[in-house]
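Trainee: I am new to this structure and would like a close look at a single part, the pocket, together with whatever surrounds it. Could you take me through it slowly?

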Amino acid sequence: MKGFVTICEAITASEYCYVGDNPKKDFIAPNALGWTTIMLKADERNIHEQVLEPDPSTRPDHVIENLLQLKSLIEC
């Protein structure tokens with residue numbers, strides 16, 4: 001959590017976004033802080049199991065198949 005808070009303190013923005021691939025841990029802190037969370041769906045190179053649990057604190061807001069889909073979710 002501390003790292004995400006440090007980013008908020010260092011960079012003033014109206015919204016923050018986090019992209020991760022491990023639903024067991026990646027989205028808990030940014031979800032708690034109100035960030036938009038995006039999970040990059042696993043391919044054969046991924047080392048993390050991607051089971052989405054019912055607990056909303058661990059679930060990403062969005063799931064994408066590839067990084068090209070990221071553009072439609074964030075404003076540049």
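Mentor: A pocket here is an open set of grid points where a 1.4 Å probe fits, with protein on both sides within 12 Å along at least five of seven lines, and its volume is the space filled by probe spheres set on the points. Please keep in mind that this is a predicted model. With that said, the largest pocket holds about 190 Å³ of space, and its lining is made up of Ser 14, Glu 15, Tyr 16, Cys 17, Thr 36, Leu 73, Ile 74 and Glu 75. Sorted by character, the residues of this lining comprise four that are nonpolar, two that are polar and two that are charged.

To place these residues, turn to the strands. Lining the pocket is Cys 17, and residues 17–20 make up strand E1; Thr 36 also belongs to the lining, and strand E2 covers residues 36–40. These strands belong to an open sheet of three, ordered E1-E2-E3 and paired in parallel. Because E1 and E3 (62–64) stand at the edges with a single partner strand each, one side of each has no neighbour in the sheet. On average, and with direction ignored, neighbouring strands of this sheet are turned by 25° against each other. Between E2 and E3 the parallel pairing runs over three bridges, and Leu 40 has Ile 64 in E3 as its bridge partner.

Moving on from the sheet, we come to charged side chains, and a search of the whole structure finds two salt bridges. In general, side chains of opposite charge can pair when their charged atoms come close. One salt bridge joins Lys 41 and Glu 65, whose closest N and O atoms are 3.9 Å apart. Lys 41 lies in the loop between E2 and E3 while Glu 65 lies in the segment after E3, so this pair ties together parts that are 24 residues apart in sequence. Lys 41 itself counts as partly exposed, at 40% relative accessibility. The other salt bridge joins Asp 26 and Lys 25, with the closest N and O atoms 2.8 Å apart; here Asp 26 counts as buried at 7% relative accessibility, whereas Lys 25 is exposed with a relative accessible area of 54%.

Finally, the segment after E3 also contains Leu 67, which is exposed, with a relative accessible area of 54%. Leu 67 and Ile 7 are separated by 60 residues in sequence and by 22 Å in space, taken from C-alpha to C-alpha.

Terms used:
Residues numbered from 1 in each chain as written. Predicted model: local features only at pLDDT ≥ 70, side-chain atom pairs only at ≥ 80, totals over all residues. Heavy atoms only, no water. Pairing = 2+ DSSP bridges. Helix = DSSP H or I, 4+ residues; strand = E, 2+ residues; numbered from the N terminus. Axes fitted to C-alpha atoms, helices over the stretch in contact; angles between N-to-C directions. Salt bridge = Lys/Arg side-chain N within 4 Å of Asp/Glu carboxyl O. Buried < 20%, exposed > 50% of the residue type's maximum accessible area, 1.4 Å probe, protein only. 1 Å grid on protein atoms, 1.4 Å probe; cavity = no way out; pocket = protein on both sides within 12 Å on 5 of 7 lines; lining within 4 Å. Nonpolar A, V, L, I, M, F, W, Y, C, P; charged D, E, K, R; others polar.
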